[in-house]
Amino acid sequence: MKNTWIILRKELHGYFVSPVAYGLLTMFAVIFGFFFWNALAYLVFSALQAQLRGEPMPMNINEQLIRPLLGNISVVGLFFIPMITMRLFAEEKRTGTIELLATSPIRDIEVVMGKWLAAMALYACMLVFSGVNLAFLFRFGNPDWKPIAVAYLGLLLQAGGLLAVGTFISTLTRNQIIAGAATFAACLMLWIFAWVGGYEVAAWAQVLSYMSVVTHFDSFSKGVLDSKDVIYYLTLIFLGLFFTSQSLESLRWRS
């Protein structure tokens, strides 16, 4: 556990001594801020239009604003996750430090967990930035915080699975651009698998649909904590980290 913490601190230091973390946090804050104010403006405009027409306009902040907003942010994560994971092992390979890492007395799982937890910590920081906007709603409105907490848990679990996939892909190449592009392709495929279930009812289509990260985030976005969705994301995390550990072990044997 101590070695995992050391790797975690090393990776976070690498993120924040370079423009990487600040660039990602700034871009995410700008994008989320635009989505938030645009969604809020549309909600207010719709309410005013309904009032002018003399129609009742039930205001449900969670359903009409927060749920679609967080759904959009889960899509935005597809673009940010590859930028977070592409350097984890690809950079080590490019600089030649991967051999030192592979021959060190630190266990593979400690290295993998340390790097993945650092990526998770950076993504969690990005979600904290989004919470600043939602604090505005709590200051002037009365949204229900429980569905929001469940939705954020879903975002973290979804990101954890995709970050684990990206961590594994980063071990396969020394080129960060290739690692980032391949991670984006993998994340996108895990996203669009859900589309198959919309027009195909065969067993293979249902399996693909079940494998989609979208299918399992839907319950979280509604504020529903379903064990099967939690198990899916934990399984994706486990598989991603397991294959990463195996890839790192193969490097250790070659060294």
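Me: Let's start with E11 in this predicted model: is E11 buried or exposed?
Reply: The cut-off for buried is under 20% relative accessible area. E11 has a relative accessible area of 2%. That falls under the cut-off, so E11 is buried.

Me: Which residue does E11 form a salt bridge with?
Reply: Look for a side-chain nitrogen of Lys or Arg within 4 Å of a carboxyl oxygen on E11. The closest N and O atoms in this pair are 3.4 Å apart. The partner is partly exposed, with a relative accessible area of 47%, and its name is K10.

Me: How about D229: which residue meets its side chain in a salt bridge?
Reply: D229 is buried, at a relative accessible area of 0%. Its partner is partly exposed, at 39%. The N to O distance between the two side chains is 3.3 Å, and the partner is K228.

Me: Which residues do salt bridges with shared partners join into one network?
Reply: The E11 and K10 pair from before is a good place to pick up the trail. Shared partners link that pair with two further residues, R87 and K115. The network therefore reads K10, E11, R87 and K115.

Me: And how far apart are the closest N and O atoms of D218 and K222?
Reply: D218 is partly exposed, with a relative accessible area of 34%. K222 is partly exposed too, at 43%. Their side chains form a salt bridge, and the closest N and O atoms sit apart by 3.2 Å.

Me: By this rule, what does the count of salt bridges come to?
Reply: The pairs covered so far include E11 with K10 and D218 with K222. D229 with K228 is also one of them. For the model, the count comes to seven.

Me: Switching to the fold, how many helices are there in the protein chain?
Reply: Read along the sequence, the pattern is α-α-α-α-α-α-α-α-α-α-α. There are zero strands. The number of helices is 11.

Me: Which residues have the most contacts inside the largest nonpolar core?
Reply: This core has 62 residues. Elements giving two or more residues to it include α3 (61-85), α6 (108-140), α7 and α11. The residues with the most contacts inside the core are I84 and L163.

Me: What is the C-alpha to C-alpha distance between L163 and Y123?
Reply: L163 is found in helix α7 and counts as buried, because its relative accessibility is 0%. It touches I81, I84, T85, W116, A119, M120 and Y123, leaving out residues up to four places away in sequence. L163 and Y123 are 40 residues apart in sequence, yet in space their C-alpha atoms are separated by 9.3 Å.

Me: How many of the residues of α7 are buried?
Reply: Helix α7 (residues 145-170) reaches 36 Å from its first C-alpha to its last, close to the expected 38 Å. It is mostly covered. Of its 26 residues, the number buried is 19.

Me: Now the outside: which residues make the nonpolar surface patch of about 390 Å²?
Reply: One member is F242, found in helix α11 (residues 227-254). A patch residue needs over 30% relative accessible area, so F242 makes the cut at 37%. The full set is F238, L239, F242 and F243.

Me: What percentage of the accessible surface of the protein chain belongs to carbon and sulfur atoms?
Reply: The chain has 255 residues, and 45% of them count as buried. Its accessible surface comes to about 13100 Å². Of that surface, the carbon and sulfur share is 70%.

Methods:
Residues are numbered from 1 along each chain as its sequence is written. This is a predicted model: local features need pLDDT of at least 70, side-chain atom pairs count only at pLDDT 80 or more; totals for chains, interfaces and linings use all residues. Side-chain values use heavy atoms; hydrogens and water are left out. Patches are made of residues with over 30% relative accessible area and no salt bridge: like charges are joined within 9 Å, nonpolar side chains (Val, Leu, Ile, Met, Phe, Trp, Tyr) within 5 Å. Accessible areas come from the Shrake-Rupley method with a 1.4 Å probe; for residues, only the protein chains shown count as cover. Helices (H or I, at least four residues) and strands (E, at least two) are DSSP runs, numbered from the N terminus. Buried means under 20% relative accessible area, exposed over 50%, partly exposed in between (1.4 Å probe, protein chains only). The expected span of a helix is 1.5 Å times one less than its number of residues. A nonpolar core is a set of buried Ala, Val, Leu, Ile, Met, Phe, Trp, Tyr and Cys residues joined through side-chain atoms within 4.5 Å. Contact means heavy atoms within 4.5 Å.
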